[in-house]
Amino acid sequence: MCLAIPGKVVESFEQRGLRMAKVQFGGIAREACLEYVPETQIGDYVLVHVGFAISRVDEDEARRTYELLESMDQLTELSAPVVSEANAAGGKP
Amino acid sequence: MKYLDEYRDGRLASKIVDEIRRIQTRPWVIMEVCGGQTHSIVKHGIDYLLPEGIELVHGPGCPVCVTPLEMIDKAHAIAKRTDVIFCSFGDMLRVPGSEGDLFTIRSQGGDVRIVYSPLDCLKIARANPEKKVVFFAIGFETTAPANAMLVWRAKQEGLKNASILVSHVMVPPSIASILQSPLNRVQGFLGPGHVCAIMGYREYEPISARFKVPIVITGFEPLDILQGTLMTVRQLESGRAEVENEYSRILNRDGNKPAQKLVFSVFEIADRKWRGVGSIPKSGYKLRWEYREHDAEKLFDVKEIDTREPDICISGQILKGIKKPHDCPAFGKQCDPQHPLGATMVSAEGACAAYYAYGRHLQKGQDRNSAAASSLGGAA
């Protein structure tokens with residue numbers, strides 16, 4: 001499970017005391033935690049692994065890597081269900 | 001090499017291969033460590049593109065593959081409990097234990113949930129205070145910072161119902177273990193790109209020096225792997241044995257310091273059993289004493305389960321680079337991704353699963369000249 005995907009930071013916000021971002025991966029947007037890349041700014045590209053940004057990349061690198069991954073069908077990892085406090089209660093999703 | 005087309009351009013791949021061929025004077029055996037690299041190699045037929053005599057063997061970099069069967073059985077026993085919400089990444093759901101998998105447990109009424117991030121478990125734990133939320137924390141060093149954050153936050157918030165079942169392993173001891181084996185054939189390594197994004201690559205330097213092997217930290221795209229192979233062959237041909245970084249656009253020698261700091265405040269190094277390989281000292285992580293309230297292995301008393309590994313499976317030898325999937329009599333016959341017999345077929349990152357996915361079970365033996373067309377464009 002070392003699959004990491006590059007995406008663009010389009011928003012940043014705090015959630016329960018943690019610095020988070022909304023990261024755009026082509027047509028899909030997911031959350032990622034920015035605590036491990038504290039110098040990240042909006043517009044930067046980060047390498048995201050299991051919902052955490054683990055490194056920053058440059059834009060050319062990101063576009064190229066994203067397109068390769070899309071063709072490899074690896075983006076199924078990004079379609080795992082979104083868990084929020086609202087839907088986390090009670091029964092199974 | 002800035003653009004995707006260049007990275008997928010078969011003509012550029014051919015240039016790298018030509019350079020390897022130009023400098024190569026004898027056969028070499030190189031191991032790529034990560035399952036993701038294995039996948040890329042098999043998909044793009046990189047092993048077929050390389051000149052005769054450069055052999056790529058597949059390493060143990062598949063955390064699901066190396067998680068002991070007892071640990072999987074333990075996870076399943078916890079997941080069956082009615083007071084538990086069991087969370088994991090999606091790839092774990094079909095991994096069979098001695099009896100069934102998480103998917104069957106879910107279909108029988110177990111509350112098993114796929115999560116995108118370990119932080120999702122905190123949300124689930126907050127929303128379900130009457131349940132115990134357990135996360136199956138399998139991975140190499142790449143995933144440790146995410147799991148560490150989950151546990152650290154759980155303790156900070158006093159979320160007593162959140163815990164993790166740890167099966168974390170480390171790459172450097174597994175490489176050393178392979179090199180120490182009398183059966184070892186590996187002369188150089190393509191090192192793990194994303195593990196090193198977290199940990200840096202300093203700890204590979206003593207291994208390279210002690211065993212006199214080149215280690216080139218490599219990315220995951222086809223041209224990364226070819227470039228990493230070229231750098232390794234250059235070292236081998238000139239008698240050098242150093243650690244180099246092919247994946248320099250992502251990582252540096254020191255790695256991600258904030259991530260390392262949190263990992264080592266939550267985890268400590270421990271001996272770990274590797275499926276198919278055996279116990280390797282100081283090769284994994286366990287939670288520190290201060291975090292024992294969030295350690296599922298301590299919280300849940302699971303009786304010893306009788307684990308049964310199929311005799312025919314040669315996963316252990318595959319993970320050490322001694323055998324290949326088509327050396328196994330069961331490959332593509334009794335054993336396939338729908339009915340995996342062992343570690344390297346159960347996980348999508350395992351060598352057997354990768355070979356099967358790209359049709360290698362349909363080819364007779366290792367006939368490089370009749371390889372399926374590479375997915376790289378151009379005159380590959």
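Two strands count as paired here if DSSP finds at least two bridges between them. With that in mind, welcome to this predicted model; the tour stays in chain B.

**Stop 1: the sheet.** Select β4, β3, β5, β6, β11 and β10 of chain B, and you will see six strands side by side in that order, forming an open sheet with mixed pairing. Now look at the edges, where β4 (111–114) and β10 (267–274) of chain B each have a single partner strand, so one side of each lacks a neighbour in the sheet. Across this sheet, neighbouring strands are turned against each other by 25° on average, ignoring direction.

**Stop 2: one strand pair.** Next, pick residues 162–169 and 278–287 of chain B. These are β6 and β11, which pair in the antiparallel sense over two bridges. Show the side chains of His168(B) and Tyr285(B) too: His168(B) stands opposite Tyr285(B), a residue of β11(B).

**Stop 3: helices on the sheet.** Add residues 144–157 of chain B to bring in helix α9, which lies across β5 (132–139), β6, β10 and β11 of chain B and runs at about 155° to β6(B). Then add residues 257–266 of chain B for helix α14, which packs on the sheet and touches β10 and β11 of chain B. The direction of α14(B) makes about 75° with that of β10(B).

**Stop 4: Met231(B).** Finally, move to helix α13 (residues 222–237) of chain B and centre on Met231(B). Is this residue buried or exposed? Its relative accessibility is 12%, under the 20% cut-off, so Met231(B) counts as buried. Beyond its neighbours within four places in sequence, Met231(B) is in contact with Val216(B), Glu244(B), Asn245(B) and Glu246(B). For a last distance, take Asp47(B): its C-alpha lies 16 Å from that of Met231(B), with the two positions 184 residues apart in sequence numbering.

Notes:
Residues are numbered from 1 along each chain as its sequence is written. Chains are lettered from A and ligands numbered from 1 in the order in which they are written. This is a predicted model: local features need pLDDT of at least 70, side-chain atom pairs count only at pLDDT 80 or more; totals for chains, interfaces and linings use all residues. Side-chain values use heavy atoms; hydrogens and water are left out. Helices (H or I, at least four residues) and strands (E, at least two) are DSSP runs, numbered from the N terminus. Axes are lines fitted to C-alpha atoms, for helices over the stretch in contact, and angles run from 0 to 180 degrees between N-to-C directions. Contact means heavy atoms within 4.5 Å. Buried means under 20% relative accessible area, exposed over 50%, partly exposed in between (1.4 Å probe, protein chains only).
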